[in-house]
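Trainee: I would like a close look at a single part of this model. Please take me through the ligand site and then outward from there.

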Amino acid sequence: MAILRVNTVNKSFRGLRALDDVNLEVEEGTVHAIIGPNGAGKSTLLNCFVGRLTPDTGSVVFGGQSLVGLSPHEINQAGVARVFQTPEIFGDLSLIENVMIPTFARRDGAFRVNAWSRADAQAEVREKAEHVLAEMGLADQRDAVAATLSRGDKRRLELAMCLVQDPRLLLLDEPTAGMSRADTNRTIELLQRIGERGITKIIIEHDMHVVFSLADRISVMAQGSVIAEGEPDAIKNDPRVREAYLGGAHL
Ligand SMILES: Nc1ncnc2c1ncn2[C@@H]1O[C@H](COP(=O)(O)OP(=O)(O)OP(=O)(O)O)[C@@H](O)[C@H]1O
């Protein structure tokens, strides 16, 4: 069953058609990659899923609920979490505090740090946060200040901040951008491991090693349109995709 249905979405910026009749269906429990050359419209599409942008026309339906017109916070409360290209973490707080905040925010409707004062709630949330940090391999650094982390660890911390919310849909915008090969492989392993929880994931990624390690299905965008969609092997051999990537150099 499709958890996300995107129907004829269009979005223009001052005459530039960034999204041109985009259709997309993402099956529940799968990893769906969206790839395509720079400027293809991938981030614009993702921004339409999280309420940062509103499509000019078309619909985005998540689990039967229309997302168009909802605020980013409402979409987050509906079960959609996003890992950004630049990690959005609280640099001067510890890792454990960073991971506890989204749980309170989701429950209380805002980033209300004073909600921590309730001791019973705090114990429960702390336990869950510790579990997720351990899952991300960050348990040893739980009391470290987030700003001191390496780039790769910052991104894994942000992933922990998403996972602690038990999202139904996780959006990953270039989750390994700027990482070393070793860090990239570690992130792939972590994403494969959290895949076992059955969370649906949409991943935008330029690194084809990451895409082909994780994706069950791939949509290829070029110039605002989805030009091909299918299983990884079919996409690898699709002449339209090779053309979009200038002779297939990236594949
Ligand atoms: N806020 C904006 N205002 C004007 N133009 C925009 C805006 N956001 C995106 N665009 C344009 O829309 C097109 C699609 O951009 P988008 O960032 O979605 O592509 P992308 O596939 O994510 O590219 P990349 O892989 O480089 O991140 C580009 O031509 C871009 O310049």
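Mentor: What follows starts at the ligand and works outward through the strands and helices.

First, the ground rules. This is a predicted model, in which local features need pLDDT of at least 70 and side-chain atom pairs count only at pLDDT 80 or more, while totals for chains, interfaces and linings use all residues. Residues are numbered from 1 along each chain as its sequence is written.

Which residues surround the ligand? They are Phe13, Leu16, Ala18, Gly36, Asn38, Gly39, Ala40, Gly41, Lys42, Ser43 and Thr44. A residue counts as near the ligand if its C-beta atom, placed from the backbone, lies within 6 Å of it. By class, this shell has four nonpolar, six polar and one charged residues. Here Ala, Val, Leu, Ile, Met, Phe, Trp, Tyr, Cys and Pro count as nonpolar, Asp, Glu, Lys and Arg as charged, and the others, Gly among them, as polar.

Strand E2 (16–27) and helix H1 (42–49) each supply at least two residues of the shell. H1 gives the largest share, three residues. The names follow DSSP runs, numbered from the N terminus: helices are H or I runs of at least four residues, strands are E runs of at least two.

Now H1 itself. Seven of its eight residues are buried, so H1 is largely enclosed by the rest of the structure. Buried means that 20 or more other C-beta atoms lie within 10 Å of the residue's own; exposed means 12 or fewer, partly exposed is in between, and C-beta atoms are placed from the backbone. The buried residues of H1 are Lys42, Thr44, Leu45, Leu46, Asn47, Cys48 and Phe49. Lys42 and Thr44 also belong to the ligand shell. Just after H1, glycine 51 takes a positive phi of about 85°.

Next, the sheet that contains E2. It is an open sheet of four strands, in the order E2-E1-E4-E5, with antiparallel pairing. Its edge strands are E2 and E5 (65–66), and each pairs on one side only. Two strands pair if DSSP finds at least two bridges between them. Strands E4 (residues 57–62) and E5 pair in the antiparallel sense over two bridges. In E5, glutamine 65 is the bridge partner of phenylalanine 62. H1 packs on this sheet, touching E1, E2 and E4, and its direction makes about 60° with that of E2. A contact needs C-beta atoms, placed from the backbone, within 7 Å. Axes are lines fitted to C-alpha atoms, for helices over the stretch in contact, and angles run from 0 to 180 degrees between N-to-C directions.

Glycine 15 lies in the loop between strand E1 (2–13) and E2. With 5 C-beta neighbours inside 10 Å, glycine 15 counts as exposed. Glycine 15 and leucine 163 are 148 residues apart in sequence and 38 Å apart in space, C-alpha to C-alpha.

Now the other sheet. It is open, with six strands in the order E6-E7-E8-E3-E9-E10 and mixed pairing. E6 and strand E10 (225–230) stand at the edges, each with a single partner strand, so one side of each is left without a neighbour in the sheet. The twist averages 20° from one strand to the next.

Take E7 (residues 169–173) within it. Five of its five residues are buried. Leu169, Leu171 and Asp173 point one way, Leu170 and Leu172 the other way. In a regular strand the side chains alternate between the two faces of the sheet. Four bridges join E7 to E6 (residues 80–83), and the two run parallel. Leucine 169 in E7 is the bridge partner of valine 80. Five bridges join E7 to E8 (residues 200–204), also parallel. There, isoleucine 202 of E8 partners leucine 171.

E7, helix H6 (residues 181–195) and E8 make a right-handed β-α-β unit. Right-handed means that, with the strands pointing away from the viewer, the path from the first strand over the helix to the second runs clockwise. Arginine 181 lies in H6. Arginine 181 is exposed, with 10 other C-beta atoms within 10 Å.

Further along the sheet, four bridges join E3 (residues 31–35) to E9 (residues 217–222), which run parallel. Valine 220 in E9 is the bridge partner of isoleucine 35.

Last, the whole chain. It has nine helices and ten strands. Of its 251 residues, 39% count as buried.

Note on methods. Contact = placed C-beta atoms within 7 Å.
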